[in-house]
Number of protein chains: 2
Amino acid sequence: MPYNLTAAEYTLIYNALSFTFAVMSAATLFVWLLGDHIAKQYRVATTITGLVTFIAAYHYLQIFISFHGAYSLKDGIVTATGYAFNDAYRYVDWLLTVPLLMVELILVMRLPQEETVNMSLTLGLAAALMVILGYPGEISHAPSTRWFWWILAMIPFVYIVHTLFFGLQASVKKQPVAVRGLVRQACILTVVSWCFYPIVFILPMLGLSGGEATVAVQVGYSIADIVAKVGFGLLIFTIAYKKSELEHH
Amino acid sequence: MPYNLTAAEYTLIYNALSFTFAVMSAATLFVWLLGDHIAKQYRVATTITGLVTFIAAYHYLQIFISFHGAYSLKDGIVTATGYAFNDAYRYVDWLLTVPLLMVELILVMRLPQEETVNMSLTLGLAAALMVILGYPGEISHAPSTRWFWWILAMIPFVYIVHTLFFGLQASVKKQPVAVRGLVRQACILTVVSWCFYPIVFILPMLGLSGGEATVAVQVGYSIADIVAKVGFGLLIFTIAYKKSELEHH
């Protein structure tokens, strides 16, 4: 359903989407171009870090094109063209990238093989489930429907938070001293940045509507995606870089 | 707000934007393709050099497309189509690239780790602040508003100039003799090329208006961006190249 946007709101969303595409692409290239700085045993983790931002760059380009087609700014007036603005790209993106973010973290920790497989599977599936359960709420305009799916999606979310803060702590303590703080930061950054999403999700249920809600959701998710994918990814890259140096000597 | 442009003015802007995209892309490829000529300890600096021109190339392509949509030249007559010409891409670009230019310079100097982190953070944040404070002035047509934000943006600018000329001098003197002159040149080039921006910014406040102002701003910023990103970037690449050779023998 298209909303009336002011020229300023249109321009803000337009530039936020373009900005996010630029950041995601740049982060992808940075991580991949410096691939040979990373020891072989962490290269899968940093390659996946770049894949996450690559997939996000692709989807932000699609969201940008979709937004461009759904609204036009002419003579200072924003008009909804009637063509759909496809929000669902975000969920398609998250379905791929959110489990991969979990896998990045597990791989860079280099746990025993069995633990790596178990943790990647359970955290990855929980992350996918969280995204799937959020989707029916996101496409609904009825607050009660939105709350229902929001609550369901919070169950895997709480499970992931619990695992990152408690389940993984024994393994975090086994990390080399030089990177232990960074690994802990990566866990905290995941939880903090992921908290943005359920908050942005409920903004339209808290009375925000029309253009303001569109701005809040589009700009809010863009910021959250940058922190959760690029900020987190650079942390994973730094951990891999430091561990490569440590194990080389 | 669209202005009347003559066919010559339109063509000049059109070609300047296309030229800048070509230069930025070529510089990116040059720096990245020669990555293996650079020692590992300077590769992050030269990778970021390429990222800056990559991000600028992307934004120049978008500015070009936006300009193409905002004006049409048909039968020798330029007509404003009514679609907005999105100037803001430049600020979106600068928000990313100007802090990264500071980081390039700091990384290629290879200072002690703590100084690297502190200098990158303070110079990077000052650069971002400068861009953010310039933006409200740029989108205003009222000279008093433009002057107000111009003056505010000059504060972090002066801080950066001061740091490059004085704060960094002790570290510049510790650089190998073979590159000390180049590092000093990089500091001077930053300050000189960055001086273009506040000058281009005030051109519309000095009586330039309509098509002439549009030409001055578009062509002026394009030249400034080429000097500040490609000229500066090639200097950083040369420093990294020479230091790689020195440290290899």
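At 75% relative accessibility, B:D75 counts as exposed, since the threshold for that class is over 50%. I begin with this residue, and I should say at once that the model before us is predicted.

B:D75 sits in the loop that joins β1 (71-74) to β2 (77-80) of chain B. Its backbone deserves attention: B:D75 is not a glycine, yet its phi is positive, at about 55°. In chain A, the residue to set beside it is A:D75, found in the loop between β1 (71-74) and β2 (77-80) of that chain. A:D75 is likewise a residue other than glycine with a positive phi, in this case near 50°. With a relative accessibility of 59%, A:D75 also counts as exposed.

I turn now to the contact between the chains. Chain B contributes 23 residues to it, and chain A contributes 22 residues. About 2000 Å² is buried between chain B and chain A, and carbon and sulfur atoms give 70% of that area. Which three residues supply more than any others of the area that chain B buries against chain A? They are B:K40, B:Y58 and B:Y83, which together supply 22% of it.

One residue that touches chain A is B:H59, and its place is in helix α2 (residues 40-70) of chain B. Is B:H59 buried or exposed? Its relative accessibility is 1%, so B:H59 counts as buried. Setting aside residues up to four places away in sequence, B:H59 touches A:S18 and A:A22 from chain A, together with B:Y89, B:V92 and B:D93 from its own chain.

The helix that carries B:H59 leads to the packing within chain B. α2(B) packs with helix α3 (residues 89-109) of chain B at an angle of about 165°, and their axes are 9 Å apart. That angle makes α2(B) roughly antiparallel to α3(B). The crossing of the two is left-handed. Sorted by class, the residues in the contact of α2(B) with α3(B) are 17 nonpolar, five polar and three charged.

A second helix pair in chain B is formed by helix α4 (residues 113-138) and helix α5 (residues 143-167), whose axes come within 7 Å and cross at roughly 160°. Because of that angle, α4(B) is roughly antiparallel to α5(B). Here too the crossing is left-handed. Residues of α4(B) in this contact include B:M119, B:L123, B:M130 and B:L133, and those of α5(B) include B:W149, B:L152, B:F157 and B:I160. By class, the contact of α4(B) with α5(B) comprises 16 nonpolar, six polar and two charged residues.

For chain A, I select two residues. A:A153 lies in helix α5 (residues 143-167) of chain A. At 9% relative accessibility, A:A153 counts as buried. Apart from neighbours within four places in sequence, A:A153 is in contact with A:M130, A:L133 and A:G134. The C-alpha atoms of A:A153 and A:L129 are 7.4 Å apart in space, although the two residues are 24 residues apart in sequence.

The other residue is A:F196, found in helix α7 (residues 177-202) of chain A. How does its accessibility compare with the cut-offs; what class does A:F196 fall into? Its value of 33% makes A:F196 partly exposed. Between the C-alpha atoms of A:F196 and A:A228 the separation is 9.4 Å, with their positions 32 residues apart along the chain.

Notes
Residues are numbered from 1 along each chain as its sequence is written. Chains are lettered from A and ligands numbered from 1 in the order in which they are written. This is a predicted model: local features need pLDDT of at least 70, side-chain atom pairs count only at pLDDT 80 or more; totals for chains, interfaces and linings use all residues. Side-chain values use heavy atoms; hydrogens and water are left out. Helices (H or I, at least four residues) and strands (E, at least two) are DSSP runs, numbered from the N terminus. Buried means under 20% relative accessible area, exposed over 50%, partly exposed in between (1.4 Å probe, protein chains only). Contact means heavy atoms within 4.5 Å. Axes are lines fitted to C-alpha atoms, for helices over the stretch in contact, and angles run from 0 to 180 degrees between N-to-C directions. Angles under 35 degrees count as roughly parallel, over 145 as roughly antiparallel, 65 to 115 as roughly perpendicular and the rest as oblique. A crossing is left-handed if the near helix is turned anticlockwise from the far one by less than a right angle, and right-handed if clockwise. Ala, Val, Leu, Ile, Met, Phe, Trp, Tyr, Cys and Pro count as nonpolar, Asp, Glu, Lys and Arg as charged, and the others, Gly among them, as polar. Buried area is the accessible area (1.4 Å probe) that two parts lose on being put together, summed over both.
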